[in-house]
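Welcome, and thanks for taking a look at this model with us. Please open the viewer beside the text and follow along.

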Amino acid sequence: MSSNVIDEFMPLFAPKTVAVVGASTKGTALPNIFIRRIREFGYAGAIYPIHPTAAEIDGLTAYKSLGETPQPVDYAYIAIAAAQVAPLLAAGKGRVRFAQVISSGFGEVDEGKALQEELAAAARAGGMRLLGPNCLGIYTPRGRVTFAEIGPREVGEVGIISQSGGLGTDIIRRGLNRGLKFSGLVSVGNCADVGPTDLVEFYLADAQTKVIGMYIETAKDGRRLFETLRDARARKPVVVLKGGRTQQGQAAAASHTGSLAGDERVWLALSRQTGCVLVDTLDEFIDALLMFQTLTPHPRHPTQRVVLFGNGGGTSVLATDYFARLGLDVLPFGQSAIDALAAMKLPPGTSITNPVDCPVGTLQQDDGRVAEKILDVIYARGSPDALVMHLNLSAFVGRTKNEVLDNLVQAALRVQEHHPGKAHFVLVLRSDGEPKLEERKREFRARAVELGIPVYDEMANAGHALAALQAHERFVHARA
Amino acid sequence: MTAPSELISQARKAGRAALDEQAGKALLAAYGIAVPRAVVVGGAAEINGVLAGLTAPVAVKVISPDILHKSDAGGVKVNLRTAAEVADAIRVMMQQPAIAQARIDGFLIEEMAPAGQEIVIGGLRDADFGPLVMVGLGGIFVEVLADVAFRICPITRVDAEGMLAELKGAAILQGARGRKPVPTAAIIDTLLKVGGDDGLLMRHADEIKEADINPLIVSDSGAVAVDARFILT
């Protein structure tokens, strides 16, 4: 089955031919922008504008219908008035693989419900799969096709399904800033035909995809989604951001059970039974995806003990509390680790139990080599499942050479190499919003993510992402 | 014994949206869930000095398609020890306003379950996900604190164990504050009979809209479903 779903969906993720419906000769409509964007993104296949009268659009030969293009169409991008779409699809005469209908005015409004039925029927009759309607498009770096103005150019390993186009755009743009790289993002809109489960099946089978993220509001095919995720046994992490979870159970329920059920309960059940990780906010969603993109889960010893290492005493105390609430332990070291750290005779103000509070003076000593020795002791004797290095950049300003931050990260990576598979390494770069500092943080973050380190803005973000990793690891540990 | 699907189709033929108590219990019994031994009588005159082979104490409950909440209508009387007490209880019930006005199908006389922990097990057909199963501790835990756990059917034994562990009142099952631990194996067994692979909710996924087994009384002698309601689709 898995090779079938790949064969079926690859024309969507790497189309050889793209038809664009709705572009105007003036070059200002959304489909004209789409043509420009995919050209800029490096799309090298054939582009067929479809237009009832024009001979040429944006310098490309135009065709009168989807049935008249030189080659069959792998992917059609359609943004015309709702009522015109069904007849357009019917004219495709079975020569279209995927039609993505951007237009709205269908099932999301009462008067469009019948039109959506008609649309789905036309797609079925034409033997094509339908995406949307009421969506924004697809972003697929491997196929060099994108609806988004900006986004990572590289092909990555994060596969996204979004029931909101706007949120899909946010995910791509924030991902660009945070170092996420995608194997694809599909805005699925009203899901008249292709639904979230179809794409989950694709991403599960797709060798390019390592982690799956899904923003979902309604799962009409919930039963199939449950069965698909259950049978996958969390072999790839799945992060779910569910909108509308607070909707109450049926008001008219006749039983206790009916009045107690609600979306929140059902999705919690889904997560418990399938190992998918539920998150509450877009930030948590991005943070968790970044964690799964960069780190390899340790299901044999799920993350439990966390060591905090960095500058900022109050920050580590607060983080210890916050992590505890998330089910992560920041526990004092045993005697052997404390003895080894005490023997190093670190400068005053350095705490040698967990959390390890190191003033900038200690961190920059010997160009960061002291930090390397401390980390080595922690890895060897402190039994960490994860180490969070937190650096308050404000405290480094004007006191250190620029290389100190790089040295610290290099030191941490060398320690990782000495103790392979021992602990997850997570970096928190704290700043205060001062523009120059933010700029420095941005550059540094980009370099760290390149090295495969997940970087977070605050301890709480890192905590939630580690909790997501822990949930996945525990499920696989218990069930696989 | 009537076959499970027969119980449901009989209720439908009678134009009912729900199974009455004996039909509900017969459905549970068909899936191997213990229900109290019981007889149905038409009225006080049928008692005839014997409890028809039941062991006291017994409970009497009115059976009527018009009465949703039997206790509220005065249609439940418990801890009756003799035939005379049962006959009296039925006579008193028939004078309750809500019962006097209702269609009466009879009276259910059943053995009382041994004392134990009250548990609620529920079922629900979700429009998107299909049958769901629920568990909670009885009384205020369900009704006030909404301390329940749901799973999508079919559930496995690991799921059933996870459901109990997820309850905020889970410590009570372990025997908190010097109380006796509750035999959770009996709860898990019942959950699987209701929500498991071949369980009641999967077999009747298209027919049952909502279900409450409330209470299921769990003691060292096992789990007994003392009341059950099934709302049909």
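In which loop is C191(A) found? C191(A) is in the loop between strand 10 (182-187) and helix 6 of chain A. The model is a predicted one, and C191(A) is a good place to begin reading it. C191(A) takes a positive phi of about 55° although it is not a glycine. Is the residue buried or exposed? C191(A) is buried, because 25 other C-beta atoms lie within 10 Å, and the cut-off for a buried residue is 20 or more.

**Backbone details to check by eye**

A146(B) also has a positive phi without being a glycine, at about 50°. You will find A146(B) in the loop between helix 5 (140-143) and strand 8 of chain B. A146(B) counts as partly exposed, because it has 15 C-beta neighbours inside 10 Å. In chain A, R233(A) comes just after helix 7 and has a positive phi of about 50°.

Chain B also holds cis peptide bonds, one of them between A56(B) and P57(B). P57(B) sits in the loop that links strand 2 (38-41) and strand 3 (58-63) of chain B. Another cis bond runs from C153(B) to P154(B), and P154(B) belongs to the loop between strand 8 and helix 6 (157-166) of chain B. The table puts these backbone angles side by side.

| Residue or bond | Angle |
|---|---|
| C191(A) | phi, about 55° |
| A146(B) | phi, about 50° |
| R233(A) | phi, about 50° |
| A56(B) to P57(B) | omega, about -5° |
| C153(B) to P154(B) | omega, near 0° |

**How chain A is divided**

Chain A is split into domain 1 (1-134), domain 2 (136-294) and domain 3 (299-479). How far apart are the C-alpha centres of domain 1 and domain 2 of chain A? They lie 24 Å apart. Where these domains meet, 33 residues of domain 1 of chain A are in contact with 22 residues of domain 2 of chain A. On the domain 1 side, at least two residues each come from helix 1 (2-13), helix 2 (30-40), strand 5 (73-78), helix 4 (113-125) and strand 7 (129-131) of chain A. Helix 1 of chain A provides the largest share, six residues. By class, this side of domain 1 has 23 nonpolar, seven polar and three charged residues.

Helix 3 (residues 82-90) of chain A has A82(A), V85(A), A86(A), L88(A) and L89(A) as its buried residues. These residues line one face of the helix, because they fall within an arc of 165° when seen down the axis. Among the elements covering them are strand 1 (17-21), strand 5, strand 6 (96-101) and helix 4 of chain A.

**Strand 12 and its neighbours**

Now move along chain A to strand 12 (residues 238-242). Five of its five residues are buried, so strand 12 of chain A is largely enclosed by the rest of the structure. In a regular strand the side chains alternate between the two faces of the sheet. Here V238(A), V240(A) and K242(A) point one way, while V239(A) and L241(A) point the other.

Which strands pair with strand 12 of chain A? Strand 11 (residues 211-216) of chain A pairs with it in the parallel sense over five bridges, and strand 13 (residues 277-279) of chain A runs parallel to it over three bridges. V239(A) takes part in both pairings: it is the bridge partner of G213(A), and it stands opposite V277(A) in strand 13 of chain A. Strand 11, helix 7 (residues 222-232) and strand 12 of chain A together form a right-handed β-α-β unit.

**Helix 7 and the contact with chain B**

Helix 7 of chain A has G222(A), L225(A), F226(A) and L229(A) among its buried residues. They are on the same side of the helix, because they cover an arc of only 100° around the axis. The buried residues of helix 7 of chain A pack against helix 6 (196-205), strand 12 and helix 9 of chain A, and also against strand 8 (148-152) of chain B.

The contact between the chains takes 19 residues from chain A and 24 residues from chain B. Helix 7, helix 8 (256-260) and helix 9 (263-274) of chain A each supply at least two residues of the chain A side. Helix 9 of chain A gives the most, with six residues. The chain A side divides into nine nonpolar, six polar and four charged residues.

Methods
Residues numbered from 1 in each chain as written. Chains lettered and ligands numbered in written order. Predicted model: local features only at pLDDT ≥ 70, side-chain atom pairs only at ≥ 80, totals over all residues. Domains from an automatic or database assignment. Contact = placed C-beta atoms within 7 Å. Helix = DSSP H or I, 4+ residues; strand = E, 2+ residues; numbered from the N terminus. Nonpolar A, V, L, I, M, F, W, Y, C, P; charged D, E, K, R; others polar. Buried ≥ 20, exposed ≤ 12 C-beta atoms within 10 Å, placed from the backbone. Pairing = 2+ DSSP bridges. Right-handed = clockwise from strand over helix to strand, strands pointing away. Arc of directions from axis to C-beta.
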